[in-house]
Each structure stands twice: as structure tokens, then as C-alpha cells.
Amino acid sequence: MAKHLILGGARSGKSRYAEQGAESCANKNQQQLIYIATATVGDKEMSSRIKQHQLRRGSQWQLVEEPVDLAEIISLYNESNYCLLVDCLTLWLTNCLLKDDWSSRRNDFFQALTLSNANIFFVSNEVGSGIVPMGELSRQFVDEAGSLHQELAQVCEHVTLVTAGLPMKLK
């Protein structure tokens with residue numbers, strides 16, 4: 001089964017691209033679609049973003065909301081009859097950093113990923129193209145996101161960068 005990392009900036013079209021890819025993959029392989037949402041509703045704007053994503057998806061999607069324990073969910077749906085879409089890894093990273101358990105969550109994630117037989121699409125924000133942030137937590141976030149993306153890109157069969165709604169195949 002294939003793993004696909006989709007990177008892009010905010011509002012780049014990466015989630016829509018991932019959803020279309022996962023739907024096509026699931027239809028082709030007769031798989032059940034699982035949407036794993038890592039976002040938590042924190043304010044009105046985030047609530048609106050979540051609602052937009054929900055309205056765009058059809059009834060064929062099963063929603064699983066998990067802000068922190070991504071490894072457990074990947075392990076739960078690790079069979080070849082599933083196609084997973086994880087949106088988004090940078091929100092998951094933020095949630096883990098704020099709980100101060102990033103290192104163990106990251107290790108568990110890569111272990112679960114290694115054992116999974118599902119097709120998995122990962123959506124994440126490319127944040128390394130800007131300036132170095134001033135705050136310590138912000139710098140840690142950018143550094144960890146970059147490291148996560150590099151390691152994940154090595155184990156994914158496909159890596160795509162989406163800009164202005166246009167996908168660019170990197171791998």
C-alpha cells in the first residue's frame with residue numbers, strides 16, 4: 001500500500017488535492033475512506049475552517065477526530081481495506097508540543113506507519129520557507145515540522161507540493 005505526503009501553505013489547496021486523491025485511491029481499491037482530523041475547535045475562525053472541510057466531503061467518509069494519538073488511530077485502521085487521510089500533521093505536531101510529549105508521539109507514529117497496510121494520505125503545512133521565528137516554541141515548531149517532513153518524505157512513495165491549487169510532484 002502507498003503512503004503520500006502532501007505539503008503546501010495555508011489555503012494552498014492541499015486538503016482538496018488530498019481528498020480527491022484518497023477518494024480516487026479508495027474507489028480504485030474498493031477501500032473504506034477514513035478522514036483523521038487532528039484539529040481542535042479553539043475559536044470561531046477554526047470552527048469555520050473545520051466546517052468548510054466537512055461540507056466538502058461526501059457521505060462516503062468516516063470521520064475520526066484525534067488531536068494527539070495519531071499512532072493509535074493508524075494502528076486501528078492498518079488493514080489494506082482502508083484508505084486514510086490525515087489532516088493535518090502540523091496541527092498534530094502543535095498539539096503534541098503543547099502537551100510536551102512530542103518525542104514519544106513521533107516515535108509511536110513512525111512505528112505505526114511502518115506496520116500499516118493501509119493507503120495513507122498525509123496533509124501538512126510547509127512552514128520552512130519563511131523567516132526564522134523569534135520565539136523559542138515557534139522555532140521548535142518549525143524545526144520539528146521540517147524534520148518530520150524530511151523523515152516522512154523518505155518513507156512515503158509519493159510527495160507532492162501544492163501551491164495555488166496546483167500540485168507539483170516531488171517524488
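How much space lies in the second largest pocket? About 150 Å³. This is a predicted model: local features need pLDDT of at least 70, side-chain atom pairs count only at pLDDT 80 or more, and totals for chains, interfaces and linings use all residues. Residues are numbered from 1 along each chain as its sequence is written, and side-chain values use heavy atoms, without hydrogens and water.

A pocket here is an open set of points on a 1 Å grid where a 1.4 Å probe fits, with protein on both sides within 12 Å along at least five of seven lines. Lining residues have an atom within 4 Å of a point. The volume is the space filled by probe spheres set on the points.

Now the lining. Helix 1 (14-29) gives the largest share, 5 residues. Strand 1 (3-8) and strand 5 (119-125) also give two or more residues each. Among the lining residues are Lys3, His4, Cys25, Phe121 and His158. Helices (H or I, at least four residues) and strands (E, at least two) are DSSP runs, numbered from the N terminus.

Next, helix 5. Its buried residues (under 20% relative accessible area, 1.4 Å probe, protein chains only) are Trp102, Arg106, Phe109, Phe110, Ala112 and Leu113. They cover an arc of only 160° around the axis, so they sit on the same side of helix 5. That arc is taken from the directions from the helix axis to the C-beta atoms. On the other side, Gln111, Thr114 and Leu115 are exposed (over 50%).

What covers the buried residues of helix 5? Strand 1, helix 3, helix 4, strand 5 and helix 6 are included, by contact (heavy atoms within 4.5 Å).
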